[in-house]
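Here are my notes on the model, set out as numbered points. Please read them with the structure open.

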Amino acid sequence: MASERLQAFTPHHNYFIGIDSDGCAFDTMELKHKECFCPCFINVFELQSVSKYAREAWEFGNLYSQWRGANRFPEVLMCLDWLRQRPEVQRRGTRVPALPKLAAWIKQETKLGNPALQRAVAATGDAELAWVLRWSEAVNAAVDAMVRGCAPFPGVRDALEQVRGKADCMVVSATPEAALEKEWAEHDIAQFMALIAGQESGTKKEHLTQATSGKYAAAHVLMIGDALGDYEAARANDALFFPINPGHEEEAWARLVDEGLRKFLDGTYAGAYQDTLVAQFKTYLPATPPWQVSTRGE
Ligand SMILES: [Mg+2]
């Protein structure tokens, strides 16, 4: 099992830093979601006649809300639910699938990735799960064909160099591990990482638990992320959190390099400093879709 690798990890340093990949270290979120995930969502789930609304739902759910960076499978359910509720979609008579079998699978499976879904399809022969698997495989193929040359945000390499020899660093991501290894190696920053953990190794919360629990002192574990799920994974592990604000990523990395890492390593990060950063971060990640806000105002 992939997660045993994390549990078996032995610290080399007194500090640990988990770093999310998409949208945090790498400037890939816009490209992946707008050019790969969303076109496959529209095409595979037969949403052509409501593509404008499908795109709006996908981009809000995955890029510009508190669900930014969440696992792809719950995102599909949520975006389909939003679509089904929209009067514009109902007026067009488009059949938006509800996918109850996917909902059930999500409830009982913790490793929400293609390998587990392939096993579920093989075990049950369920047509709905097979449909979702076709979408997920189409997404992976599209990402593989489309995503290249996307560099890490300016400042990432500086940050990694700054903590080299002081902290064990791990990629903590909901992306498939093969894609992570390709991207981190392509830009020559895999060398800074002790571990690379993706969706096959469980959730981000599980990654942090398995790699750090009982291995580091309090306030010696920091998670860097661009989504609320990253923050929650950190909190669930009593880890510190540094936010990379969506749309302001360069400034965030500069702040981490200029002051955040120093505060983490000298023990002055927790408390007021972290609280201010987190409060600012949350303003970038709303819970209410814009189409619901504008409907209310009419
Ligand atoms: Mg992210």
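**Notes on helix packing, domains and salt bridges**

1. Helix 13 and helix 14 are oblique to each other, because the angle at which they pack is about 140 degrees and an angle counts as roughly antiparallel only over 145. The axes of helix 13 (residues 249–266) and helix 14 (residues 272–282) lie 11 Å apart. This is a predicted model, and the values should be read as such.

2. On the helix 13 side, the residues in this contact are Arg 255, Glu 259, Gly 260 and Lys 263. They meet Tyr 273, Leu 277 and Gln 280 of helix 14. Sorted by class, the contact of helix 13 with helix 14 holds three charged, two polar and two nonpolar residues.

3. The domain assignment splits the chain into domain 1, made of 2–28 + 153–282, and domain 2, which covers 29–146. Taken over C-alpha atoms, the centres of domain 1 and domain 2 are 27 Å apart. Domain 1 gives 22 residues to the contact and domain 2 gives 17 residues.

4. About 1400 Å² is buried between domain 1 and domain 2, and 47% of that area is on carbon and sulfur atoms. Four salt bridges are counted between domain 1 and domain 2.

5. Side chains of opposite charge can pair when their charged atoms come close. In the whole structure, a search finds 16 salt bridges. One salt bridge joins the side chains of Lys 204 and Asp 20, at 3.1 Å from N to O. This pair links distant parts of the chain, 184 residues apart: Lys 204 is in helix 11 (residues 204–212), while Asp 20 is in the loop between strand 1 (15–19) and helix 2 (29–44).

6. Glu 183 and Lys 32 also form a salt bridge through their side chains, with an N to O distance of 3.1 Å.

Technical notes: Residues are numbered from 1 along each chain as its sequence is written. This is a predicted model: local features need pLDDT of at least 70, side-chain atom pairs count only at pLDDT 80 or more; totals for chains, interfaces and linings use all residues. Side-chain values use heavy atoms; hydrogens and water are left out. Axes are lines fitted to C-alpha atoms, for helices over the stretch in contact, and angles run from 0 to 180 degrees between N-to-C directions. Helices (H or I, at least four residues) and strands (E, at least two) are DSSP runs, numbered from the N terminus. Angles under 35 degrees count as roughly parallel, over 145 as roughly antiparallel, 65 to 115 as roughly perpendicular and the rest as oblique. Contact means heavy atoms within 4.5 Å. Ala, Val, Leu, Ile, Met, Phe, Trp, Tyr, Cys and Pro count as nonpolar, Asp, Glu, Lys and Arg as charged, and the others, Gly among them, as polar. Domain bounds come from an automatic or database domain assignment. Buried area is the accessible area (1.4 Å probe) that two parts lose on being put together, summed over both.
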